[in-house]
Amino acid sequence: MSACNTGTPKAEIDEAYQQAEAAVRVTKKFQDDIEILGLTVKHYEDKIRYLRMEKDGVDDSIIDLEVITGKHHASSIKPEEEDSQSEDETYKNILKLEKSAAGLVCQLKTRHGTQVSHSPLVNDVTGIVATLGKVDDENLSWLFAEYLGKETMLALVCKTFIGVEAIESCDTEGAINRNHGLHGLGYSVGRTIHGRFHVICLADIIPYVGKFIANDPQRRLDLPKPKFPGGEIPSGFLGYAVNMIHIDKANFYVTTSGYGLRETLFYHLFSHLQVYRTRKDMLKARPLISDGALSLDGGIMRSRGDYYLGNREEAEVKFPRICEKSSVPGNYYEIENNLHRKKWDLERLLEVMQREQSKLDQAKFDFEIKKQDFVRFLARSSHPAQPKQEQQ
């Protein structure tokens, strides 16, 4: 009927129908192929995303394990071994500061222990900041002492506010009572305190309440690693200063709430202070630094945009070094083996990621080629060849 009404020969109509059906089949084939290639691209993207997350986790573990085993102290600056300060030398250097509160407390605890053992003041004072932590590298000892400053390194650390009140009292006019508290004890042993001194109360500090690194005998804090938007840990990042302090087991639980010195005192002093291998590494990571950073070659950032330049200063009082024997964790070899496994896992992951990236690149290329072929086909289909009689 259509052929009769239009005057178009039936053979031409049949041919047109066949061409239309062929175009539909080709279009459907293109669409199916493009869909499959798109799914292939998504598959490899999802796989690489998963591998990248796995790699980030391995990177985090390696940094934690290297801190535990002490490998963070591979420094470009290596002071002479005789410059290292032992725990006894730290006490001796504090005792030399005869008119300081820290020097007096050291004398009372080391030379007059039995005489003042009944004093609530002495019993509540946990110690002096410089004596409550150790490091396994002389360079870190210098850096941390310079960062904190002499006043903070000599700060007295009390467990409760009762201890703070017992240290010093004043009369109604605000004058210090020299016959009471630490001043009175100093007078009894022939020492006086000049000037102000720093006191830290553990009970008043807001402690770290997060998780700890698993299977770590030092109970280091499981702080999130700094990462760029793509998930990469900045080059040269070695860890957090708060986790590079070695704490005696006796100070793992010192407050009435059951907190230790790491999650109270040293988290209060260092917070999220980052440590980098070089100043160049530290400066590249500036966008990720909020609570300051140090570098093993002497760079210091107090906070973002706050830089300390010039030559490093000699620190009168530093954190003592751990003796080699005590610095090795009881499960050191197990941790060392775990570190080797993690590094092997990282190499394997990088190889797998490289292969999967190649597959993704090929899939994206095939997808784009197929899409371009489809666009050209649609362009040809929208301008079919004119009938022969019209061409003539």
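# A guided tour from arginine 178

Begin by selecting arginine 178, which, once neighbours within four places in sequence are set aside, is in contact with His183, Gly184 and Ile193, contact meaning heavy atoms within 4.5 Å. What is on screen is a predicted model, in which local features need pLDDT of at least 70 and side-chain atom pairs count only at pLDDT 80 or more, while totals for chains, interfaces and linings use all residues. Residues are numbered from 1 along each chain as its sequence is written, and side-chain values use heavy atoms, with hydrogens and water left out.

Arginine 178 sits in the loop between α9 (161–167) and α10 (181–188); helices (H or I, at least four residues) and strands (E, at least two) are DSSP runs, numbered from the N terminus. With a relative accessible area of 45%, arginine 178 is partly exposed, on a scale where buried means under 20% relative accessible area, exposed over 50% and partly exposed in between (1.4 Å probe, protein chains only). The C-alpha atoms of arginine 178 and threonine 192 are separated by 9.1 Å, and the two residues are 14 apart along the chain.

Select α10 next, where six of the eight residues are buried, so that this helix is largely enclosed by the rest of the structure. The buried residues are Gly181, Leu182, His183, Gly184, Leu185 and Gly186, and just after α10 comes glycine 190, with a positive phi of about 80°.

**The nonpolar interior**

Leu182 of α10 leads on to the largest nonpolar core, which has 74 residues, and in which Phe144, Leu182, Leu265, Phe266, Phe270 and Phe319 touch the most other members. A nonpolar core is a set of buried Ala, Val, Leu, Ile, Met, Phe, Trp, Tyr and Cys residues joined through side-chain atoms within 4.5 Å. A second, separate core of nine residues includes Leu65, Leu349, Val352 and Met353.

Centre the view on phenylalanine 144, whose contacts, leaving aside neighbours within four places in sequence, are Val135, Ala241, Met244, Ile245, Phe270, Val275, Leu294 and Phe319. Phe144 is among the buried residues of α7, a helix (residues 138–148) that is largely enclosed by the rest of the structure, because ten of its eleven residues are buried. Show α8 (150–153), α11, β5 (274–276), β6 (293–295) and β7 (300–303) as well, since the buried residues of α7 pack against these elements.

Both ends of α7 deserve a look: at the N-terminal end, aspartate 137 acts as a cap, with a side-chain oxygen 3.1 Å from the backbone nitrogen of asparagine 139, and α7 is followed by glycine 149, whose phi is positive, near 90°.

**Loops around β4 and α11**

Move to threonine 255, in the loop between β4 (237–240) and α11 (262–270), a residue that counts as buried at 15% relative accessibility. The side chain of threonine 255 reaches the backbone nitrogen of tyrosine 259 at 2.9 Å, and, beyond its neighbours within four places in sequence, threonine 255 is in contact with Leu202 and Thr264.

Most residues other than glycine have a negative phi. Serine 271, in the loop between α11 and β5, nevertheless has a positive phi of about 50°, and arginine 219, in the loop between β3 (199–201) and β4, has a positive phi near 55°.

**Salt bridges**

A search of the whole structure finds 17 salt bridges, a salt bridge being a side-chain nitrogen of Lys or Arg within 4 Å of a carboxyl oxygen of Asp or Glu. Select aspartate 248 and lysine 134, whose side chains meet in one of them (3.1 Å, N to O). Aspartate 248 lies in the loop between β4 and α11 and lysine 134 in the loop between β1 (125–128) and α7, so this pair ties together parts that are 114 residues apart in sequence. Aspartate 248 is partly exposed, at 34% relative accessibility, whereas lysine 134 is buried, with a relative accessible area of 11%.

Turn then to lysine 29 and aspartate 33, which form a salt bridge (2.7 Å, N to O) and are separated by about one helical turn, because they are four residues apart in helix α2 (residues 10–68). Adding Lys370 to the selection completes a network of salt bridges that links Lys29, Asp33 and Lys370.

Key:
A polar contact is a pair of N or O atoms within 3.5 Å; within protein, one must be able to donate a hydrogen and the other to accept it, and residues adjacent in sequence count only if both atoms are side-chain atoms.
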